[in-house]
Amino acid sequence: MLARAWLMVINVFDILSQSAILTFFLVVALGAAFGQVKFGHLKFGAAGALFVGLAFSAAYPELGEGMSLMQTIGLALFTYTVGVAAGATFMQQMKSQATLVGAAALMTLVAGIVTVVGGKLLQIPAELATGLFTGALTSAPALDSALRVTGSATPGAGYAVGYPFGVIVGIIIVTIVVERPWKGEKDTPSLAGAGLLARTAHVQREINLREVGPWAREDVRMSYLRRGDKTRVIVPGEELYPDDLVVVVGEESSVLETIDILGYESSVHIADDRRAVDFEKIRVSNSDMAGRSIAELNVPVRFGAIVTRVSRGDLELLAKDELILQPGDEVSVAVPSNQLQAVRKFFGDSDRRVAEVDALTFGLGMVLGLLVGLVSIPMPGGAMFSLGAAAGPLVVGMVLGALRRTGTLIWSMPESVNLTIRQLGLLFFLAALGLGAGPAFKEVVVTSLGWKAAIVSTAIAVFSAGALAISGRFLKLSGPRTAGGVAGFLGQPAIMQAAAAKVADERIESAYAALFASAIVFKILIVPVIYMLLV
């Protein structure tokens with residue numbers, strides 16, 4: 001019976017060895033399934049494809065042949081979409097969270113020092129130690145840099161060994177930090193659970209909207225106006241009179257401040273009156289809208305309408321004049337009933353269109369990124385270094401994401417599309433990597449290098465992520481923002497989810513987003529230095 005089962009396994013591997021594409025997608029499918037298995041609070045996610053690929057190629061090394069192209073494609077897809085998503089807010093995040101980003105840069109240097117010292121003390125080969133650095137910090141783009149710098153598959157084995165230790169250490173650290181009762185004197189208060197609300201104010205005195213502080217500062221938006229028995233959309237900057245009723249939208253404190261200025265809160269909410277004014281949520285699918293600010297759309301003049309809020313993913317944003325629309329956003333519009341269809345057409349309002357990829361701009365962006373990745377940069381000692389398929393698309397994606405559009409070319413992408421391509425790219429990269437690195441991984445874990453690699457990996461994660469968590473306290477940041485920063489520094493979604501499961505606080509995701517892209521850049525840049533010091 002056992003012999004028959006063994007023959008069946010051998011037969012399956014023989015079939016797989018004849019079809020690289022079949023092998024690849026089998027690993028992707030099994031890896032995605034394995035990545036969803038929970039080990040306590042830990043899920044490996046896309047990294048499941050790495051471990052399945054390693055198992056396959058360790059048992060049958062020839063399965064890893066011809067996977068380099070899929071590895072490069074997957075990595076380029078992943079880093080380009082990360083760059084496009086991060087580019088839109090990168091400079092803003094750099095300004096608002098500069099201290100945290102600076103601390104992450106310093107901790108990357110700390111991780112590099114620990115790698116070099118640990119590698120030399122324990123006599124770990126340079127290629128393997130460089131891979132341990134990328135795995136302990138869970139950075140696939142940095143691994144690509146290590147593979148190219150070393151010219152060896154060994155960093156892939158180091159990545160696979162170091163990755164679980166980095167994730168486990170990260171989860172432990174953020175779980176401890178996120179609930180720390182730090183005052184966070186230099187942090188912004190949490191808005192979690194506050195959201196935006198709409199209230200109707202009863203005006204008691206004559207006043208121009210420009211004289212209403214929260215409206216002038218754009219802390220609130222106003223939509224409906226009832227004067228006498230007629231309800232219509234308010235005109236920006238118009239005069240209000242006693243007994244007018246107006247709808248005020250914003251965060252609770254700003255709404256209450258506005259109502260106090262105008263008069264008092266009415267018991268009648270006039271937004272419920274839909275006889276002459278409609279209030280609709282409309283999907284932004286018209287490519288002409290993407291990359292334009294609320295002010296540029298000039299909706300009050302075009303349609304006599306007012307945009308009050310913008311829903312983006314799980315976020316609800318006040319529609320300030322400078323807010324830039326992205327494909328897939330959902331705008332809340334107060335509009336005269338006879339203009340509703342025109343406004344829908346203006347924004348697009350098509351779920352199907354939002355789910356589509358602009359193949360032209362996506363292809364052009366990828367081409368530009370890969371071309372930049374081919375540029376060789378001279379390094380000390382006469383060596384040459386290129387950004388490659390990781391950093392090239394990442395940098396170009398960030399630039400294009402910041403531009404949002406160039407004439408008729410829309411570089412930004414709907415969030416749902418971006419996340420889908422990003423996840424597929426990472427799965428493709430890790431599956432192909434695992435299929436190529438299995439033999440080297442096997443050589444590491446069955447020798448004395450195994451325990452040495454485990455020690456160095458743990459030390460890299462503990463010293464860098466732990467020091468970043470401690471620095472958050474000294475930088476007077478809150479526990480949730482510090483935990484989000486640690487998760488972003490390590491760049492593993494499971495770590496962020498571990499923090500979010502403990503505390504509902506938008507500062508976790510904000511810090512994660514601020515550090516995710518910048519930390520990738522820091523790690524890519526330091527990889528060649530680590531390798532040169534270890535050789």
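**Helix H13 and the adjoining sheet**

In this predicted model, the exposed residues Gln341 and Lys345 lie on the face of helix H13 that is turned away from its buried side. The helix spans residues 340–347, and its buried residues are Leu340, Val343, Phe346 and Phe347. When H13 is viewed down its axis, these buried residues fall within an arc of 120°, and they therefore line one face of the helix. The elements that cover the buried residues of H13 include two helices, H11 (294–297) and H12 (299–303), together with the strands E8 (277–283), E9 (306–312) and E11 (330–336). After H13 comes Gly348, for which phi is positive, near 110°.

The strands E8, E9 and E11 also belong to an open sheet of four strands, in which the order is E8-E11-E9-E10 and the pairing is antiparallel. The edges of this sheet are formed by E8 and by strand E10 (315–318), each of which pairs on one side only. On average, neighbouring strands of the sheet are turned by 25° against each other, when direction is ignored. The antiparallel pairing of E9 with E10 extends over four bridges, and Val310 stands opposite Leu317 of E10. Helix H13 packs on the sheet through contacts with E8, E9 and E11, and the direction of the helix makes about 15° with that of the edge strand E8.

Note on methods
Residues are numbered from 1 along each chain as its sequence is written. This is a predicted model: local features need pLDDT of at least 70, side-chain atom pairs count only at pLDDT 80 or more; totals for chains, interfaces and linings use all residues. Side-chain values use heavy atoms; hydrogens and water are left out. Buried means under 20% relative accessible area, exposed over 50%, partly exposed in between (1.4 Å probe, protein chains only). The arc is that of the directions from the helix axis to the C-beta atoms. Contact means heavy atoms within 4.5 Å. Two strands pair if DSSP finds at least two bridges between them. Axes are lines fitted to C-alpha atoms, for helices over the stretch in contact, and angles run from 0 to 180 degrees between N-to-C directions.
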